[in-house]
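Visitor: Got a minute to walk me through this one? I'd like the surface first, then some details.

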Amino acid sequence: YTSSLKSFEFSRRSQQMKVKEVSRTACVAWSPATQHPVYIAGATAANQLSANFDSDANLELLDLSLGDGNLNMRTAGKSTINDRVHKLLWAGFSTTSDPLGLLIGGCDNGVINLWSPSSVLTNGDNPLVQSLSKHTGAVRTMDINPFQSNLLVSGGGASEVYITDLNDPEKTMYPGAKQQPAEDVCCVGWNHEVQHILASASPSGRAVIWDLRRQSPIITVSDHSTQVRLSSMAWHPAVPTQIVTASEDDRHPIIQMWDLRYATSPMKVLDQHQRGVLGVSWCAHDPDLLVSWAKDCRILCWNPNSDNPRGEVVCELPASTQWTFDVQWCPRNPALVSVSSFDNQLKVYSVLGGGAQQATDDFLGAQTTVMGGLTHAPKWLRPPVGARFSSGGQLVSFGNASTEAGARQVKLSQVVTEPEVLQRATELDSAVNGKTLKDFCASKLQASTDDKERKTWQFLQGNFEPETRRHYLELLGFTAESLEEQIKLVPSASSKDEQETGQQQSSEEEDLTNFSALQVSQPVEVASGRCSPVASGRISPIQVPEDNSVDGVISKALLLGNFEAAVKLCIRNNRMTDAMVLAIAGGPDLLAVTQQYYLKRQTSHLSKLMAAVVMRDLNGLVLRGQLSNWPQLLAALITYAPSDQFASLTERLGRRLEDEEDGAYSDEACLCYICSGNLERLVHYWCNQPSSSSNALALQDLIEKIVVLREALSSSSASVPTIVIEKIKAYADLLVSQGAHQTAVNYLRRAGIDDVPPQLQAA
């Protein structure tokens, strides 16, 4: 049952990975990476017979056309050739006669044929460009120099390794003296990093590394402990000192990976095949992909650079019923692999899976979803660099830099786009926790260069003074010292009695100077048997008017205790000073009526202020006061408003100022809101300012004022207006984006916001 499941899964994955097929027993070569559309050149393989013993040889170009959804490859061009081939190459070396390059075939009898791809594409009768007879025996291996596409290395019998310049094919170069004993050369290959280094391998187990500059071998790689029989070899695409060799010996079906700097023994042995390995091919676009095929009919794709000493199989291509004799990576789209086998099948697979309809011709259009193919993303699908933000301004990034183990480094870093906001938020948080907000306000005041900002911070700092209202008055310019100086500068009114002496005037001025120190006179006690004070001349005598004059009638009212009548007579005769004095003696009710009567009949600006102060009509003062006198209006509220009415009255004055046309008094409204402690109006005011954009620093300025004012008024337990909550949440989001999670939580909790985001609850 388990075996059946494995067979079913293998069949399913095979169908997913196969993108094209055709019935051919052919050696193949992909068109160069610069060629589009992509073609596969196929030449009839040597030493093979068909069922009817046909000995013809053909060279054809197969159109890949992955987008047509058809598994069968279409023949784009076909020509008859004279020789069957052991090895086929498509060189990107362009000639004047053929811009598509050259097709090069290694044939029997030491012949190397050069064909024109353009001629084959047009079904030409004779695509042969030139035939070179240089080797003895069959030419089973060839390679094109990756740095100079006109240099061809080939291997034949009798240890022959020849280098041909395609610009001058008749000229032959040699890497050095032939190796002894003479034997067939099964594989040759140019180094992918150093252009004058190449390698050749022989079935006896020797791999010789040649230096063309010295024209001699520089090292021979051989495993004397196992006596392997080499069938193939391949250079590492990126590391110039590493090479792999494959053993076709069934007793040792292994792939050995060598480091030429330590060539005494292989650095790694890949041993997942059950029978001899027939060939290996390293992906030029990804050093982590090495494909091998063996006599066990398995085609394995390895990651030879993994930590596993036996190698990691990352993919297995579908097996055939007969041996595979050639596997080639597509230069343009490295996800595609061609497989030629002795069961008359040429198939193209995608190591990424996905099937024919999902594959594409181009490198950039390669399938990116792994379905039944590789267990990890290949290099050409891995971005060289990458970055992604997570919550809290954290950036996860990686680049090409690798660790000593070869793994790419992943970095987690904190991105701070608002360093000034972060610094100021930390300073404010420390000031709140350390109860040093007064010093914080002083530092803000010192750093302010704008008069409006300085005034704002002066008023905020005033909330931390012992006598806040007196400090407000001083900020408005009303101080006791300045009043005393102004009183001295006010000239005295001229006396109506021109007969008064200078001494009398001096005495009156002295009395006014010491006005606050005057004592209320006490009744004079008269001792028994002594003379009266009047008789002694110490005081003036009291004479009570008895006639019917105004003074006489007022005197009678006083003698009867009728203060109200006396006050009325004084008012009727325009003697308001006497009326006020008598009203005081008549009690608070009579005094209030007298004051009201007097103030209603006054028309001066001073009398209106007096009326508001005396009658405690502060609300009328706020509503009817001239806005140009806002400092005086605010000072009156600071001086006379009861504690339970101060906040509402100053807020009302602030609204009047804010609602004025053209925003002429909007800055002054802010000061009123600070005095009232109204956070909601303060935030509304800020939002209506032209500078209140989404700028982070502007938001920081507002939050500093909100936090300072809340702490100054000890309103941490009071409900927070919705607009204030929105601003604090926006500020917390800003701090989180800068990585200051704990500071953000502090501000949220300090504002009484319970719905802290889950990602911040642990902070």
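Visitor: How much area does the protein chain expose?
Guide: About 39,900 Å². Carbon and sulfur atoms supply 50% of that area. Keep in mind that this is a predicted model.

Visitor: And what share of the residues is buried?
Guide: Buried residues are 47% of the 763 in the protein chain.

Visitor: How many helices and strands?
Guide: There are 23 helices and 31 strands in the protein chain.

Visitor: What about long-range contacts? Which share comes from residues 24 or more positions apart?
Guide: Those pairs account for 50%, counting contacts in the protein chain with a separation of 6 or more.

Visitor: Back to the surface. Which residues form the nonpolar patch?
Guide: Leu606, Leu609, Met610, Val614 and Met615. Together they have about 410 Å² of accessible area.

Visitor: Where is valine 614 found?
Guide: In helix H14, which covers residues 605-614.

Visitor: Why does valine 614 count as partly exposed?
Guide: Because its relative accessible area is 38%, and the partly exposed class lies between under 20% for buried and over 50% for exposed.

Visitor: New topic. Where does threonine 25 sit?
Guide: In the loop between strand S1 (18-22) and strand S2 (26-30).

Visitor: Is threonine 25 buried or exposed?
Guide: Buried, because its relative accessibility is 19% and the cut-off for buried is under 20%.

Visitor: What does its side chain make a polar contact with?
Guide: The side chain of asparagine 344, at 3.0 Å.

Visitor: Which residues does threonine 25 touch, leaving out those up to four places away in sequence?
Guide: Asn344 is on that list too. The others are Ala43, Thr44, Ala45, Gln48, Phe325 and Ser341.

Visitor: Now helix H22. Which of its residues are buried?
Guide: Helix H22 runs over residues 741-750. Its buried residues are Thr743, Ala744, Val745, Tyr747, Leu748 and Arg750.

Visitor: What comes just after H22?
Guide: Glycine 752, with a positive phi of about 75°.

Visitor: Last thing, confidence. What pLDDT does the protein chain average?
Guide: The average is 82. A score of at least 70 is reached by 85% of the residues.

Visitor: Where does pLDDT stay under 50?
Guide: One stretch is residues 356-360. The model has 13 contacts for that stretch beyond four places in sequence. Another is residues 495-505. There the model has three such contacts.

Technical notes. Residues are numbered from 1 along each chain as its sequence is written. This is a predicted model: local features need pLDDT of at least 70, side-chain atom pairs count only at pLDDT 80 or more; totals for chains, interfaces and linings use all residues. Side-chain values use heavy atoms; hydrogens and water are left out. pLDDT is the predictor's confidence in each residue, from 0 to 100. Contact means heavy atoms within 4.5 Å. Patches are made of residues with over 30% relative accessible area and no salt bridge: like charges are joined within 9 Å, nonpolar side chains (Val, Leu, Ile, Met, Phe, Trp, Tyr) within 5 Å. Accessible areas come from the Shrake-Rupley method with a 1.4 Å probe; for residues, only the protein chains shown count as cover. A salt bridge is a side-chain nitrogen of Lys or Arg within 4 Å of a carboxyl oxygen of Asp or Glu. Helices (H or I, at least four residues) and strands (E, at least two) are DSSP runs, numbered from the N terminus. Buried means under 20% relative accessible area, exposed over 50%, partly exposed in between (1.4 Å probe, protein chains only). A polar contact is a pair of N or O atoms within 3.5 Å; within protein, one must be able to donate a hydrogen and the other to accept it, and residues adjacent in sequence count only if both atoms are side-chain atoms.
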